[in-house]
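I opened a new page for this one and wanted to get my bearings. My plan was to look at the ligand first and the domains after that.

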Amino acid sequence: MIKKVVIPVAGRGTRLLPTSKEQPKEMLPIFYHSPTNQLTLKPMVQCIFEQLYEIGLREFCFITGSHKQSIEKHFTPDYKELDLLESKGTVVAKDLKQFYEKIEKSSLVYVNQDEPLGYGHAVYLSKSFVGEDKFLLHAGDTMALSKEDNHLKDCLESNADGMLMTKYVEDPQNYGVVTGKKMERFLKVESAVEKPKDPISNLAIMAINTFNNSIFDALSRVKPGVGNEIQLTDGIQIMINENKNVLASELPKSSLLIDIGTPEKFFDAQKKTYEFFRNENNKTE
Ligand code: UTP
């Protein structure tokens, strides 16, 4: 069973400027589960942490940057404030308490990416945290919601060198895209291209993947690609060239993809999570 998670949160977030000038985009809120059964807004990166905690993951490595210190601060329990809230009977204190308990039961490591040289570069920096283990790689600005979070099952149970969560999209030129041969429920990936001008397929790599440590050897040889950045997708193509077993699993149709990387997607994320959790609360009332 995979225990380690790497969450890169060091990107510039240019598409959300000026909001992301001082405020990391990963700290922007979406609606999420709450023990109080009230509609609750939580920072995206907290929702990701809580979701992965709930499925048993406990070792987290955030790839962060100097302009992202509020993320580390957010993951630092403040018991004085909690005591104050509890003494006043503030409902949301229950939420904070549970969040702090999850933090205390986990190991959180922060690795600095001095300059955002690309998603692949950020991932490479987790090499010593990962060691010989397999790990889950999860972006800090995207997540999926599904019943009992079962969309994560394929990734966590896979024995492949790389297991990519993918989704059919209408605009593949904005994503890393894969093609391959169908093998039972999965696709054996034969080609991975970052933001193709002439898309090879509509199957886009989502930001939820598992790898063994062969990804690091591949990434160490990746040259700057699209946007002059070190791209994870180019590392995946190197793995494929070297006959590593890279599979793709399609995100279940019933699950919701929540992405906050652009103004439109952020708005859509608000709508989707509001509906999802409003209904959840209605059911539990
Ligand atoms: P994106 O490529 O969507 O984010 O990265 P970005 O570069 O921050 O956004 P734009 O393109 O400038 O608007 C997906 C995830 O990877 C992290 C981001 O913080 C985000 O959580 N990332 C990206 C890094 O940690 N380092 C990087 O060099 C690039």
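**Notes on the ligand and the domains**

I began with the pockets, keeping in mind that this is a predicted model. The largest pocket turned out to be the space taken by the ligand.

Next I checked who lines up around the ligand. I got 18 residues, and those that come nearest are A10, G11, T14, E26 and Q113. Sorted by class, this shell holds seven nonpolar residues, six polar ones and five charged ones.

Then I looked up polar contacts to oxygen atoms of the ligand. The side chain of K25 has an N or O atom 2.9 Å from a ligand oxygen. For R12 I noted a backbone N or O atom at 3.1 Å from an oxygen of the ligand. L117 also brings in its backbone, with an N or O atom 3.4 Å from a ligand oxygen. How much of the ligand's accessible area does the protein cover? On its own the ligand has 570 Å², and the protein covers 87% of that.

Last, I turned to the domain assignment. It splits the protein chain into domain 1, made of 1–11 + 19–146, and domain 2, covering 160–254. I found their C-alpha centres 25 Å apart. Where the two domains are in contact, I counted 23 residues from domain 1 and 17 from domain 2.

Conventions
Residues are numbered from 1 along each chain as its sequence is written. This is a predicted model: local features need pLDDT of at least 70, side-chain atom pairs count only at pLDDT 80 or more; totals for chains, interfaces and linings use all residues. Side-chain values use heavy atoms; hydrogens and water are left out. A residue is near a molecule or strand if one of its heavy atoms lies within 4 Å of it. A polar contact is a pair of N or O atoms within 3.5 Å; within protein, one must be able to donate a hydrogen and the other to accept it, and residues adjacent in sequence count only if both atoms are side-chain atoms. Accessible areas come from the Shrake-Rupley method with a 1.4 Å probe; for residues, only the protein chains shown count as cover. On a 1 Å grid over the protein atoms alone, a cavity is a set of points where a 1.4 Å probe fits but cannot get out, and a pocket is an open set with protein on both sides within 12 Å along at least five of seven lines; lining residues have an atom within 4 Å of a point. A molecule sits in a cavity or pocket if more than half of its atoms lie within 2 Å of its grid points. Ala, Val, Leu, Ile, Met, Phe, Trp, Tyr, Cys and Pro count as nonpolar, Asp, Glu, Lys and Arg as charged, and the others, Gly among them, as polar. Domain bounds come from an automatic or database domain assignment. Contact means heavy atoms within 4.5 Å.
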